[in-house]
Amino acid sequence: MKLAPKSAMHAKIVLAGSVAVLSAIFPSSPLGAQSMDYGALEQLFGEPVTTSVDGSPQRVSDAPATMEIITAEEIRRSGAKDIPGVLRHVAGVDTLEWANDDIDVSVRGYDQPFSSRLLVLVDGRQVYLDDFDYTPWSSVPVELAAIRQIEVVKGPHSALFGFNAVGGVINIITYNPLYDTVDTVSSTGGTQALREISIVATHKFGARAAVRLSAGGYLGSDFSTQIPIAEDVVARPAPYRDAINLASFIRINAKMQLSFEGTQSATEQAELGPTYLLSNSQYNSESLKTSLTAETGAGLLQATVYTNWVKQPTRSGTGSPNTQFDNRVTVAQFGDTFRAGANHVFRAALEYRYNTEASAPTPGASVHYNNYAASGMWSWKITPAVSFTNAVRIDHLLLNREGYIPPGFPFVDSNWDRAFTVPSFNSGLVWKPSETNSLRFLASQGNELPNLNISGAYLEVNPYLNISGTPFLNPTIVTNYEIGWDHVVIDPHLQLRVSAFRENNHDLLSIAGGYIPTPDGPYSLPDNVGSSNALGLELGFKGTFAEHYRWSVDYRPEKIADHLIPAAQNGVAYLDYQHTTPVHLVKGNLGWATRSWEIDGFFHYQSFSQGLRPTATGTALAPIAGFAATDGRIAYNPRKWTTWSVSGQNLTRRSQLQTTGPAVERRVLGTLSFSF
């Protein structure tokens, strides 16, 4: 049950009690995100909390970042069958749906196939892939019922979360079985021949240890609509997914916790790649992770090591060769969060990352890097109403290549002996002049480093045009300046949130734009193709009325201006943000709930935009009319342990062109869930 303070005095009493309890529980340092009892903190604060920004439990309005928290209840009531379906209802989030299970997600525009500007984490482990720096959402090994909350952090946050967090961060936090017991099984069937089952089970070994198992799978059909270009010749597969996640937590003593996690997933789906051509892709991924958290006199110590393995066979029907990408990344992290007096929190962290990928479709070589990073954070409570948080991170990356050199190749292995040293920072001032007002002043800089494929792992040799990565790429540097205001007009019936931002992108990375002629044929290369600037506003209202109703309306106008080199203009470099990001984006929600019934409706509108389609020389712009789409869900819960629900997406039309890909089809799903 959530606590909702009815007056400023009541709010002050609740907050004072929260601070006292937190100080008693955590006298030397704030809790780490993965060992926190979020349920207890939600009871204390009366709303969802985050520790992602500075390690301390915070309300969203107090955090030195613009972010949204999607709760487990909101995930359930979204009616979505996957994470992108949940995110499509979130303010400021853009989605491009190319096929039944191929959805690209971005924050504040700049969306494209294989969107590379969004860092996605599950309990601190990255699940985006380093071959193209993107996230195939169907391969993420987490069930919706296992998710406690999803945090959407907007803008560049590389200093706090790691490089490639340049557009934003999707931070997925699952239930910790030491504190939460989740036992549920659900079965779903619907249009596009969908058949799905999902299970989450928790077992506790007394108070000292617990394990959570989540698993799921589905089989269905892709959209029957065709991509409106002649290149749609590949036979689309029946999309399927199976995934399993086993997480165990051990409380060694009152101040030390150890966790182990192993995951596996296998998926197949139709997929639109960065060249805007359709292919059939499989993702076979595995991961192992262990973490140790200890509260000591020196602060909260956290150590994490994980490895991700991903094999991605791709079958193309467009004349290009079949390809298998084989990527492995190992990450070791160590951090210490500690207090210095009552008003200062510090965090120091070190990270080592090893990333390698074999060359494809021409085998025999590999590209890899070692990255060493150091970061620091300082959060200063200047007064009870003013806090100032600063974070800095330095990444030092050593790039290498070894193996096969094709005849006429314009590079040698020693060209890859390069080093990058790139800084990033986040700075945020939060001022709360009253209990109902919060002002944020933010400045940040993040880095998108060249991924392994455009750095040389992709190598295609043929008689007409050779394609290769190159070692001579610079990182994309993204800076952001922002001011935000949260205001409770009538608690809880009307709340306002507004943010204005200015974003600058330098040295944009593209898969094309470079060209080298050789005696054995020309080579097409990726390149840094220019810069881009965005100016935008996010305006949101939400609240409740008549006891059982909730509502929200969000509006984002955004204007992007690209400044590309001549070789990248007119879509030649498979990149155009200025015309492909809609200027106007509107989202709304109206929901009603009682003890046994839940009814929710969602509205999505975006204005006229354009999209890229492949041509003989690259891509060209094609118009996408402005459109409106609606989603909905009706659920009946006759008993505490069972729920019947019917949900749908794009309900108002049988099919609708929302991208330059296939028309998105109406989906209707029926779900039966049991809790045990």
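Modeller: Two strands pair if DSSP finds at least two bridges between them. That rule is applied here to a predicted model.

Colleague: How do you know that strand 32 and strand 33 pair?

Modeller: Strand 32 (residues 609-615) and strand 33 (residues 618-624) share 7 bridges, and the rule asks for at least two, so they count as paired. The sense is antiparallel. Ser 609 has Ile 624 of strand 33 opposite it.

Colleague: What makes the link from strand 32 to strand 33?

Modeller: A hairpin, in which 2 residues join strand 32 to strand 33.

Colleague: How do you know that strand 4 and strand 5 pair?

Modeller: They have 2 bridges in the antiparallel sense. The cut-off is at least two, so the pair meets it. Val 122 stands opposite Arg 125 in strand 5.

Colleague: What is the order of the open sheet that holds strand 1, and why are strand 1 and strand 5 called edge strands?

Modeller: The order is 1-6-7-4-5, with mixed pairing. Strand 1 (66-71) and strand 5 (125-126) each pair on one side only, and that makes them the edges. Helix 2 (residues 38-45) packs on this sheet and touches strand 6 (147-154) and strand 7 (168-174). The direction of helix 2 makes about 70° with that of strand 6.

Colleague: Why is the contact of Glu 68 with Lys 154 called a salt bridge?

Modeller: The closest N and O atoms of Glu 68 and Lys 154 are 3.2 Å apart. The limit is 4 Å between a side-chain nitrogen of Lys or Arg and a carboxyl oxygen of Asp or Glu, so the pair qualifies. Glu 68 is in strand 1 and Lys 154 in strand 6, so the salt bridge ties together parts that are 86 residues apart in sequence. By this rule the count is 28 salt bridges.

Colleague: What is left at the edges of the sheet with strand 17 and strand 26, and why?

Modeller: This is an open sheet of 5 strands in the order 17-22-23-27-26, and its pairing is mixed. Strand 17 (360-361) and strand 26 (509-516) each have a single partner strand, so one side of each has no neighbour in the sheet. Inside the order, strand 23 (residues 466-468) and strand 27 (residues 523-528) pair in the parallel sense over 2 bridges. Asn 466 has Tyr 523 in strand 27 as its bridge partner.

Colleague: Which strands pair with strand 11?

Modeller: Strand 10 (residues 209-219) pairs with strand 11 (residues 240-253) over 11 bridges, and strand 12 (residues 256-272) pairs with strand 11 over 13 bridges. Both counts satisfy the rule of at least two. Ile 250 of strand 11 is the bridge partner of Ala 209, and Ile 250 also has Leu 258 of strand 12 as a bridge partner. Strand 11 and strand 12 form a hairpin with 2 residues between them.

Colleague: What makes up the nonpolar patch on the surface?

Modeller: Trp 597, Ile 599, Ile 634, Tyr 636 and Trp 644, with about 490 Å² of accessible area together. Strand 31 (597-606) and strand 34 (627-639) each give two or more residues to the patch. Ile 634 belongs to strand 34.

Colleague: Which element has the lowest mean pLDDT?

Modeller: Helix 1 (residues 8-25), at 38, while strand 30 (residues 584-593) has the highest, at 98. Over residues 1-33 the pLDDT is below 50, and this stretch has 52 contacts in the model beyond near neighbours in sequence. The chain averages 90, and 93% of the residues score at least 70.

How values were computed: Residues numbered from 1 in each chain as written. Predicted model: local features only at pLDDT ≥ 70, side-chain atom pairs only at ≥ 80, totals over all residues. Heavy atoms only, no water. pLDDT = per-residue confidence, 0-100. Helix = DSSP H or I, 4+ residues; strand = E, 2+ residues; numbered from the N terminus. Contact = heavy atoms within 4.5 Å. Axes fitted to C-alpha atoms, helices over the stretch in contact; angles between N-to-C directions. Patch = residues over 30% accessible without salt bridge, like charges linked within 9 Å, V, L, I, M, F, W, Y side chains within 5 Å. Areas by Shrake-Rupley, 256 points an atom, 1.4 Å probe, with all protein chains shown as cover.
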